Amino acid sequence: MRRFLRPGHDPVRERLKRDLFQFNKTVEHGFPHQPSALGYSPFLRLMAIGTRSGAIKLYGAPGVEFMGLHEENNTVMQIHFIPDQCQLVTLLDDNSLHLWSLKQHSGASELREECRFTLKGPPGSPPSATQITAVLPHSSREVLYLGTESGNIFVVELPSFRVLEDKTITSEAVLQRVPDDYSNRRSCDFVEALREHPKNPDQILIGYSRDLIVLWDLQNNKATHHFLGSQQLENLYWQRDGSKFISCHYDGSYAQWPVSSDNRQPEPLENVVPYGPFPCKAISKIYWQTTKNGLPYIIFQGGMPRASYGDRHSISVVHGSQQTAFDFTSRVIDFFIIFSSEPTAECDDPSAMVVLAEEELVVIDLETAGWPAIHPPYLASLHCSAITCSHHVSNIPLKLWERIISAGSKQNIHYSNMPWPIDGGTNVAPDPPQRDLLLTGHEDGTVRFWDASGVCLHLLYKLSTVKVFLTDADPNENMNTVGEDEWPPLRKVGTFDPYSDDPRLGIQKIYLCKYSGYLAVAGTAGQVLVMELNDEDAEHVVDHAEADLLQDQEGYRWKGHEKLKTRDGPVRFEAGFQPFVLVQCQPPAVVTSLALHSEWKLVAFGTSHGFGLFDHQQKRLVFVKCTLHPSDQLALEGPLSRVKSLKKSLRQSFRRIRRSRVSSRKRRGGSGNASEVQEANAKFDQEALQEMELAPVQRKIEARSAEDSFTGFVRTLYFADTFLRDSSRHCPSLWAGTNGGTVYAFCLRVPPAERRMDEPVRAEQAKEIQLMHRAPVVSILVLDGRGTPLPEPLEVAHDLSKSPDMQGSHQLLVVSEEQLKVFTLPKVSSKLKLKLTALEGCRVRKVTVANFGSCKTDDYSENDLAVLTNLGDIQIISLPFLKLQIRYPCIRKEDVSGIASCVFTKYGQGFYLISPSEFERFSLSTKWLVEPRCVVDMPEVTSNNHVHHKSSVENAAGKS
Amino acid sequence: EFRRFSLERSKPGKFEEFYGLLQHVHKIPNVDVLVGYTDIHGDLLPINNDDNYHKAVSTANPLLRIFIQRKEDADYSAFGTDTMTRKKNVLSNVLRPDNHKKKPHIVISMPQDFRPVSSIIDVDILPETHRRVRLYKYGTDKPLGFYIRDGSSVRVTPHGLEKVPGIFISRLVPGGLAQSTGLLAVNDEVLEVNGIEVSGKSLDQVTDMMIANSRNLIITVRPANQRNNVVRNSRTSGSSGQSTESSLPSSTPNILTNFLQGEEESDEEDIIIEDSGEPQQIPKAAATSESLESLTQIELHESTQNGFLPSTEMNSDHSAGSVSMEYEVQDPDHKSLEEDGTIITL
């Protein structure tokens with residue numbers, strides 16, 4: 001090892017490396033996995049989301065975001081902003097409270113945990129005595145009121161978290177004032193809700209879980225009013241003027257209560273079950289918002305008829321005669337209303353409703369008729385259908401960028417035009433250096449185009465390949481229509497839809513040429529589509545070809561899925577990328593590699609059986625090559641999907657459950673010795689289990705042989721204009737690498753442009769290299785005479801790259817999972833190699849050429865290889881000498897899906913999935929760094945008191 | 001013939017120079033010879049490269065006894081552990097070859113004529129409790145045939161005895177290469193793979209390393225059964241009983257290059273088929289001025305690949321990348337075989 005490291009210790013190089021490389025995880029894109037709490041500060045205009053893993057994320061104006069992580073990794077239960085402060089308190093499920101603050105530090109705000117606190121009861125008291133159920137940050141900003149399961153309310157001082165014991169409001173003290181018949185019936189319930197009076201900070205409303213509500217005077221330490229209900233309480237809400245409050249209940253009802261000085265024990269003004277008369281689910285949260293026109297907005301979560309709609313996740317908005325029950329695609333975690341925070345305003349005048357569901361964020365515009373949704377600039381649900389692959393394209397030309405945006409805008413017409421209402425903080429990050437696109441392929445056959453230039457990953461355009469095919473399920477177009485007399489008036493909102501009609505539609509490979517606008521997309525059932533960008537709607541026939549990859553191989557039977565059926569006749573496509581050629585591989589195995597050459601107008605595709613080349617100009621199959629080893633039965637028989645989605649495994653487990661049910665029924669109905677069979681089965685299972693436990697985990701040490709399975713699996717395809725046959729003439733070539741360590745090189749003859757349609761493209765196999773270590777070939781690359789990787793097609797034509805050096809001799813770089821090797825061209829002789837696996841025991845998973853610029857000088861940049869290994873490390877390896885420059889741990893090695901999802905950019909950044917719905921963005925470069933940098937200032941407060949009231953009410957409403 | 005001459009202990013020079021000096025001193029400039037010396041334990045050990053030459057000079061006390069044999073009639077059996085202290089004085093073997101004629105042993109062939117299957121290597125630089133085994137894999141006719149597992153072993157540390165995780169051989173496949181050598185056994189702890197320590201690496205990493213090196217696998221183990229070790233100062237030990245097919249010391253002075261050539265053949269035989277012609281092995285690119293850096297790179301890989309990098313347990317005399325001798329004692333005559341028999345039963 002010592003000798004291995006020695007060459008790296010050149011002080012000049014070491015200094016340069018510091019100027020070129022650094023590793024940072026910069027920002028998380030997408031929707032937080034398993035959100036558990038929501039908070040909002042109308043004062044800061046910031047939203048906070050807590051997750052089950054203890055993360056807390058703050059969002060404001062696009063680009064303004066902060067992230068914090070609790071050390072404990074416990075679920076965040078509640079989030080409350082401290083009124084008029086850059087501070088918030090979180091409650092975790094271990095009953096600990098944490099105070100966070102936003103502080104400015106060298107020109108940008110940072111979110112930091114200040115301190116933590118756990119409420120301790122007197123010795124010997126049960127844990128429920130101090131189990132916090134409700135939190136109220138008082139508008140004085142000095143104290144927190146903590147309601148507990150015991151019914152006691154503790155008061156702690158901020159920011160010290162000192163318990164003010166003399167101020168504790170015990171349930172006994174509260175019950176003293178309550179009529180005897182009540183206090184005898186129920187003693188100590190837990191505190192369900194705590195709400196400060198909107199006008200009088202000395203009064204707080206305490207709601208106990210059964211049916212007692214008390215208005216408590218903090219000054220005199222006594223209850224002034226009490227309200228006796230008949231139903232279990234869920235939540236409370238003050239009306240703006242403090243004359244009435246509203247309570248909602250477990251039985252799906254809500255009630256309005258008057259607060260006046262003359263009646264100390266009033267009856268409810270009204271008691272409504274909005275979706276009665278049949279039993280309804282609980283209303284867990286309610287808002288009563290006043291408007292200038294007098295008709296209030298009543299907004300409540302839940303309350304659906306138990307029997308028929310009990311499984312819906314709904315929030316209902318009632319405004320006069322208008323009523324809509326928004327039906328969400330997943331469980332509602334919490335929601336809040338954005339309303340006038342003008343302290344002098346008499347009415348709430350709600351403008352938007354923000355709903356955090358388990359899988360997505362939905363914002364509804366309440367000002368525009370029809371209450372349309374607002375397109376969020378961040379927190380996109382990446383996983384609205386499971387992500388199956390991703391592809392990154394850097395530095396998109398402005399023209400293409402605008403055309404994609406324009407195609408996307410035509411898809412977004414049903415969204416509201418309201419500007420994003422959560423707009424706190426200021427983004428002070430420099431503008432992104434270039435326009436980057438991240439393309440994600442999904443299980444439902446769609447490709448989504450994301451603006452990945454900056455901190456906000458924003459959906460630009462969605463492309464569906466489904467229209468080309470005939471599928472069982474017809475697209476359900478009347479999803480959003482509501483019948484006139486439909487009750488309850490449900491309306492589906494949100495885009496999360498993890499159920500794919502046909503898994504064969506799944507997208508597996510994407511290749512976009514940013515110069516020509518050609519896009520190639522390949523899928524699970526061997527389908528390859530070539531598309532072209534069209535700014536208008538169009539109706540046309542998609543040319544269809546079949547590529548029989550088995551060719552002359554005899555006697556094989558494909559046992560996997562059938563190929564997709566295509567639609568006959570012309571198909572109508574909306575503006576955007578429109579397919580014009582479809583190639584279907586036979587057998588219809590998943591496409592494992594794809595390459596597109598937009599200048600030569602060729603597309604190459606590979607599966608586990610072989611690869612083919614298609615001329616999409618002449619719409620003609622040029623050739624196919626079968627890579628199968630005759631003994632490789634496995635590849636022949638079944639489908640192979642490397643990315644197995646959660647959904648799929650779920651479906652399988654359901655199937656398994658169903659099957660076991662069926663078989664058990666059968667068993668019961670069978671002969672009399674069924675129990676014996678069962679017993680024997682159980683015994684067998686147990687023995688198998690025991691054997692598994694006893695046998696240690698062991699690994700077989702065996703050299704790879706040519707007979708291993710899936711050796712023919714085509715892992716990579718690469719087009720290059722290089723010296724394949726002789727050193728005087730270069731020619732177009734196609735390279736393919738397989739799982740068995742074989743590299744095929746084909747010499748291509750592409751007719752000149754003027755005769756492009758007249759003469760056929762010809763291909764001839766020129767070389768076949770068998771790596772003796774037989775490890776899968778991950779990538780193939782040709783380096784020009786200067787040792788620089790060849791430019792992308794059309795890159796030189798667009799003056800965006802120096803033309804490659806065709807004078808010096810070219811070199812071939814073959815990256816297998818185990819080694820990196822450089823060979824000379826055209827005569828193949830081995831030049832140098834780096835044996836990664838033999839030295840470190842790691843294997844190459846992903847590799848890309850990345851350009852690294854120096855942060856010190858503008859005129860120096862170099863190309864290196866960025867390599868992700870199966871251990872989750874990222875190594876940077878120099879070109880063309882294959883020297884290890886630096887290594888960074890990036891992904892946990894157990895996180896197989898994270899490693900599989902990783903995609904590098906051309907400028908030393910990358911993305912990988914940290915959950916089904918979130919990409920982590922990282923940077924290896926000192927120069928190209930996209931990370932949030934933002935400032936949150938304390939807004940100026942004209943009249944303190946008024947703002948206090950509102951914000952505290954708002955904050956306290958954070959309980960679902 | 002005896003010669004006596006002096007060398008500067010601090011600057012012994014290179015083996016080639018020394019070899020030239022010997023040929024000069026004995027006035028046999030064109031005769032290939034085998035060079036050996038007796039170490040402090042009384043073993044006759046070969047001198048055929050810089051490292052063991054330096055080791056030999058450093059053991060001189062102050063006299064260093066060196067034996068030279070003409071290569072054609074060399075008695076390879078003379079080398080190895082215990083050779084100098086056996087009942088039969090090795091000197092008589094060496095000096096009076098007629099002694100041998102009375103009891104002619106069967107010379108099968110020069111070791112170069114055989115293809116090695118496995119060998120114990122670096123015996124002189126490893127602790128006695130360790131064994132470095134090299135498995136040569138040719139073709140696919142015989143599987144390597146072993147499994148490894150996680151386990152824990154007890155180490156002596158500054159804080160006392162500590163349990164540390166380790167990698168162990170868990171199973172040998174009957175008829176596999178590993179089993180047929182007899183050099184590896186179930187529960188042997190794997191310490192290094194091709195010169196790279198496995199401590200701190202996961203079972204999967206070690207598996208990948210072994211598979212990546214499967215054409216020339218060198219594993220250093222701590223055998224579970226420590227009784228068959230090569231105990232160099234013991235009277236009764238011998239390692240020949242363990243190795244069924246082992247190679248004798250390669251006697252040519254340029255053992256290093258020999259190795260590398262062999263290495264290249266076994267490791268670099270990527271195959272190219274040009275224009276659907278006959279498969280050929282891919283040659284190495286000739287060095288050009290431009291690829292000077294790449295050359296050093298190649299060298300570097302080879303040396304690490306060979307697994308002769310110093311391990312921490314190695315004798316400090318043999319530090320930096322010592323490509324040292326590879327040898328194994330094989331006693332051709334019956335008597336010592338009987339001896340071995342008794343040792344095995346110990």
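Start by selecting domains 1 and 4 of chain A: 10 residues of domain 1 of chain A are in contact (heavy atoms within 4.5 Å) with 5 residues of domain 4 of chain A. This is a predicted model, in which local features need pLDDT of at least 70 and side-chain atom pairs count only at pLDDT 80 or more, while totals for chains, interfaces and linings use all residues. Residues are numbered from 1 along each chain as its sequence is written, chains are lettered from A and ligands numbered from 1 in the order written, and side-chain values use heavy atoms, leaving out hydrogens and water.

To set the selections, use 35-104 for domain 1 and 842-936 for domain 4 of chain A; the bounds come from an automatic or database domain assignment. About 560 Å² is buried between the two, with carbon and sulfur atoms giving 67%. Buried area here is the accessible area (1.4 Å probe) that two parts lose on being put together, summed over both. Show A:Glu65, A:Phe66 and A:Gln104 as sticks: they supply 49% of what domain 1 of chain A buries against domain 4 of chain A.

Next, pick A:Lys57 and A:Glu918. Their side chains meet in a salt bridge at 3.0 Å, N to O (a side-chain nitrogen of Lys or Arg within 4 Å of a carboxyl oxygen of Asp or Glu). Both A:Lys57 and A:Glu918 are buried, where buried means under 20% relative accessible area, exposed over 50%, and partly exposed in between (1.4 Å probe, protein chains only).

Stay around there and click A:Met47. Its contacts beyond four places in sequence include A:Lys57, A:Phe336 and A:Ile422. A:Met47, A:Ile299 and A:Met353 touch the most other members of the largest nonpolar core, which has 57 residues; such a core is a set of buried Ala, Val, Leu, Ile, Met, Phe, Trp, Tyr and Cys residues joined through side-chain atoms within 4.5 Å.

Now cross to chain B. B:Asp270 forms a salt bridge with A:Lys821, closest N and O atoms 2.5 Å apart. B:Asp270 sits in a loop of chain B and A:Lys821 in strand 56 (residues 819-824) of chain A, so the pair joins two chains. Strands (E, at least two residues) and helices (H or I, at least four) are DSSP runs, numbered from the N terminus. B:Asp270 counts as buried because its relative accessibility is 1%; A:Lys821 is buried too, at 3%.

Last stop: helix 6 (residues 203-212) of chain B, with 9 of its 10 residues buried. One of these is B:Asp208, which is linked with A:Arg715, A:Glu817, A:Glu818, A:Arg843 and A:Arg845 in a network of salt bridges.
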